[in-house]
Amino acid sequence: MQTLRVWALNELPEKVCNLINLRHLVVQKEYAEELSTRYMFTGIERLTCLQTLPHFVVSRERNCLVSQLGVLKNLGGTLDLYGLSDVSNTEEASKAKLCEKFNIQCLLLDWSNNEDEREIREYNDEDVMEGLKPHTYLKELSIVFFKGRKFASWITMMMNLVKITLKDCNRCDGLPPRTGSSS
């Protein structure tokens, strides 16, 4: 099987990552947004042929780590990453190797997670964002629930970025000025 389309399921089957030849995993958008925490992919690193992954929910508790995306070299289109508050540091985030995934056009970075837990721990959002550096030809970037004071330095190097969306980034001082261009 190369394509799996999912509609109206409450959860993905646990063994979906046994479909090692899967190239496209399509989850209807309305279900993905409503139930994003239910669509976790334990063992996603086994799907090395995967080209389409609608989103990935990071959860230490369920062993869904952002580093597992590192081996998925062919990912393209849109990738939504949720639960980034579960990523520990720059090194862990960089193991996702987003800078090597040249076919990703739209990227969502979402730190939403259990806010009660986040209040106990210190925010590391700035370090994590720095490690999630995508390739420079990304076209759209959305950042949600980012609790850092400043955005990553790589944002100013995005050559083809045409749209940035910020939502609930209340602590941030704003986007850094573009460097190396006169506009």
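1. A convenient place to enter this predicted model is the pairing of its strands, where H55 stands opposite D80, a residue of β4. The two strands concerned, β3 and β4, run parallel and are joined by three bridges. For orientation along the chain, β3 covers residues 55-57 and β4 covers residues 76-82.

2. These two strands belong to an open sheet of five strands, which are arranged in the order β3-β4-β5-β6-β7 with parallel pairing. The edges of the sheet are formed by β3 and β7, each of which pairs on one side only. With direction ignored, neighbouring strands of the sheet are turned against each other by 15° on average. Further along the chain, β5 spans residues 103-110, while β6 spans 140-144 and β7 spans 163-167.

3. The structure holds one salt bridge, and it is worth looking at both of its partners. E92 is paired with R60, and the closest N and O atoms of the two residues are 2.5 Å apart. Because E92 sits in helix α2 (residues 90-94) whereas R60 sits in the loop between β3 and β4, the salt bridge ties together parts that are 32 residues apart in sequence.

4. Are the two partners of this salt bridge, E92 and R60, buried or exposed? E92 has a relative accessible area of 12% and is therefore buried, the cut-off for that class being under 20%. R60, in contrast, has a relative accessibility of 38% and so counts as partly exposed.

5. Turning to the aromatic residues, the structure holds two aromatic pairs. In general, a pair of aromatic rings is described by the distance of the centres and the angle of the planes. For W111 and F146 the ring centres are 5.1 Å apart and the planes stand at 70°, so this pair is edge-to-face. The other pair is made by F146 and F151, whose rings are stacked, with 5.0 Å from centre to centre and 20° between the planes.

6. Which residues do these ring pairs link into a cluster? They are W111, F146 and F151. Since W111 lies in the loop between β5 and α3 (residues 115-120) and F146 in the loop between β6 and β7, their pair ties together parts that are 35 residues apart in sequence.

7. As to the accessibility of the cluster, W111 and F146 are both buried, and for F146 the relative accessibility is 0%. F151 is likewise buried, with a relative accessible area of 7%.

8. Two backbone angles deserve a look by anyone checking the model, and F145 provides one of them. Its phi is near 55°, which is a positive value in a residue other than glycine. F145 is located in the loop between β6 and β7, the loop that also holds F146 of the aromatic cluster. With a relative accessible area of 26%, F145 is partly exposed, whereas F146 counts as buried.

9. The other angle belongs to D168, where phi is again positive, near 55°, in a residue other than glycine. D168 is found in the segment after β7, and β7 is one of the edge strands of the sheet. At a relative accessibility of 33%, D168 counts as partly exposed.

Note on methods:
Residues numbered from 1 in each chain as written. Predicted model: local features only at pLDDT ≥ 70, side-chain atom pairs only at ≥ 80, totals over all residues. Heavy atoms only, no water. Salt bridge = Lys/Arg side-chain N within 4 Å of Asp/Glu carboxyl O. Helix = DSSP H or I, 4+ residues; strand = E, 2+ residues; numbered from the N terminus. Buried < 20%, exposed > 50% of the residue type's maximum accessible area, 1.4 Å probe, protein only. Pairing = 2+ DSSP bridges. Axes fitted to C-alpha atoms, helices over the stretch in contact; angles between N-to-C directions. Phe/Tyr/Trp six-rings, centres within 6.5 Å; stacked < 30°, edge-to-face > 60°.
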